[in-house]
Amino acid sequence: MTDKEIVQLCLNATTREQGYKQLVAMYSKKLYWHIRRMVTSHDDANDVVQNCFIKIWKGLPNYREESKLYTWLYRIASNEAITFINEKYRRSSIAIDNDVENYTANLKSDPWFDGDETQMQLQYAIDSLPDKQKQVFVMRYYDEMKYEEMEAVLGTSTGALKASYHHAAKKIETYLKATLNRE
Amino acid sequence: MNPIDNKLKSQLNNDTMRVPEGYFESLEQDIFNKLANEQIVEKTLEKKSPIVKRLFMLTAVAAAITIAFFGINWLVESNAHSIGVEFAKMSDAELDTYMTEQIASLSIDDLYGYLNQNVNQLNTEILFNSTYADAQQIDKSITDELHEQVLDADVLNEVVAAPSTVNDEKLLEIIDDELLQEYLNDATLFENLGL
């Protein structure tokens, strides 16, 4: 089923449920991985993706076909993930960039993370990025999204997105080189 | 030029994140279950909303009554205060006229009720000197009371010395004025007189 057909089903009140089921089947995995890359922990990603689909259901009656379906879905998922991260760090009142030991300790105890020390440092470097750079990096690198699509999701110009991606990649590289050389 | 060098690329491509087995198969069902629960909660809230509205209305009415009560109280107190100020500015003649008008507007029942409740606080001298008191009626009440009630020991000594046939006028003459005044000042006398 195409996005257009799913949208048609979702916009009709009598077929909305059917359309929603198709939408969940088609996008739950993609959105989960997008969110997981942002929040890192599986348990957190599981909570966020479920909340995200609740928001999608509630937003369906107001969905306008001006934007593509997947663009709209990614925008909701990305915003949910950022909101979750900010809430999480606000609650714990610990800034991630001051807490590398605690971060890697949590990652080591996570049964759904298999990385070695280098990969933990890499994950830490990604998580330490500012919100926007992190969004851009995950979308570009892991989701392999085109800049034009990212522009529609984030509402930022292609030039600014390219700059954000460049800064993000450089920060990660610099951090890893410094950390690995120290070891 | 891509800023990611080959070493970093290999690290990034090495996927380190896993999910529990069968997770994505159950994820869809978990989402539908969560949505169903959300809808149940929303429907419950919708059903309860009339009660919430009624509670709101009751609270609003209670608040309005409270405000009205304290508002009226405040108004009455402010007026009483302003009347007090007016009294202070009045001359004796004005005050006398005002009081006469006010008392004339009261019924006998009102006066009797008031005196019955507050007579203990009145000074008997003021009562006797008042132009509004019926002197004959008071004299009669006092002599009746003297006949019926046990008198103070000093008063009694004078009374017992008097002939048993002594009339009311004589009885009042026999008793020393100061002793009589002291007796009349005793608050319990007025209770016994029914005033």
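In this predicted model, Val100(A), Tyr103(A), Thr104(A) and Leu107(A) of helix H5 in chain A meet Met120(A), Gln123(A) and Tyr124(A) of H6(A). By class, the residues of this contact are five nonpolar and two polar, with no charged residue. H5(A) spans residues 100-109, and its axis comes within 10 Å of that of H6(A), with a crossing angle of roughly 120°. An angle over 145° would count as roughly antiparallel and one of 65 to 115° as roughly perpendicular; H5(A) and H6(A) are therefore oblique to each other. The crossing of H5(A) past H6(A) is right-handed.

A second helix pair is formed by H2(A) and H3(A). Their axes come within 9 Å and cross at roughly 140°, so these two helices are also oblique to each other. H2(A) passes H3(A) in a right-handed crossing. On the H2(A) side, the residues that meet H3(A) are Tyr20(A), Val24(A), Ser28(A), Leu31(A), Tyr32(A), Ile35(A), Arg36(A) and Val39(A). On the H3(A) side, the contact is made by His42(A), Asp44(A), Ala45(A), Val48(A), Val49(A), Cys52(A), Phe53(A) and Trp57(A). Twelve residues of this contact are nonpolar, two are polar and two are charged.

The loop between H2 (16-39) and H3 (42-59) of chain A contains Thr40(A). The phi of Thr40(A) is positive, near 75°, although this residue is not a glycine. Most residues other than glycine have a negative phi. Thr40(A) is buried, because 21 other C-beta atoms lie within 10 Å and the cut-off for burial is 20 or more.

Glu144(A) is another non-glycine residue with a positive phi, here about 50°. Glu144(A) lies in the loop that runs from helix H7 (131-142) to helix H8 (147-154) of chain A. Is Glu144(A) buried or exposed? With 8 other C-beta atoms within 10 Å, Glu144(A) is exposed, since a count of 12 or fewer meets that criterion.

The loop that holds Glu144(A) leads into H8(A). In this helix Met150(A), Val153(A) and Leu154(A) are buried. These residues lie on the same side of H8(A), because they cover an arc of only 80° around its axis. An α-helix has 3.6 residues a turn, so residues three or four places apart point the same way. After H8(A) comes Gly155(A), with a positive phi near 65°.

These elements belong to a chain with nine helices and zero strands. Along the sequence, chain A reads α-α-α-α-α-α-α-α-α. Of its 183 residues, 31% are buried. Among the contacts in chain A with a separation of 6 or more, 59% join residues 24 or more positions apart.

The remaining topic is the interface between the chains. Here 25 residues of chain A are in contact with 19 residues of chain B. On the side of chain A that touches chain B, two or more residues each come from H2, H3, H6 (117-127) and H9 (158-182) of chain A. The residues on this side of chain A comprise 13 nonpolar, seven polar and five charged. H2(A) and H3(A) thus appear both in this interface and in the helix contact with each other, while H6(A) contributes to the interface and also meets H5(A).

How values were computed:
Residues numbered from 1 in each chain as written. Chains lettered and ligands numbered in written order. Predicted model: local features only at pLDDT ≥ 70, side-chain atom pairs only at ≥ 80, totals over all residues. Helix = DSSP H or I, 4+ residues; strand = E, 2+ residues; numbered from the N terminus. Contact = placed C-beta atoms within 7 Å. Nonpolar A, V, L, I, M, F, W, Y, C, P; charged D, E, K, R; others polar. Arc of directions from axis to C-beta. Axes fitted to C-alpha atoms, helices over the stretch in contact; angles between N-to-C directions. Parallel < 35°, antiparallel > 145°, perpendicular 65-115°, else oblique. Left-handed = near helix turned anticlockwise from the far one by under 90°.
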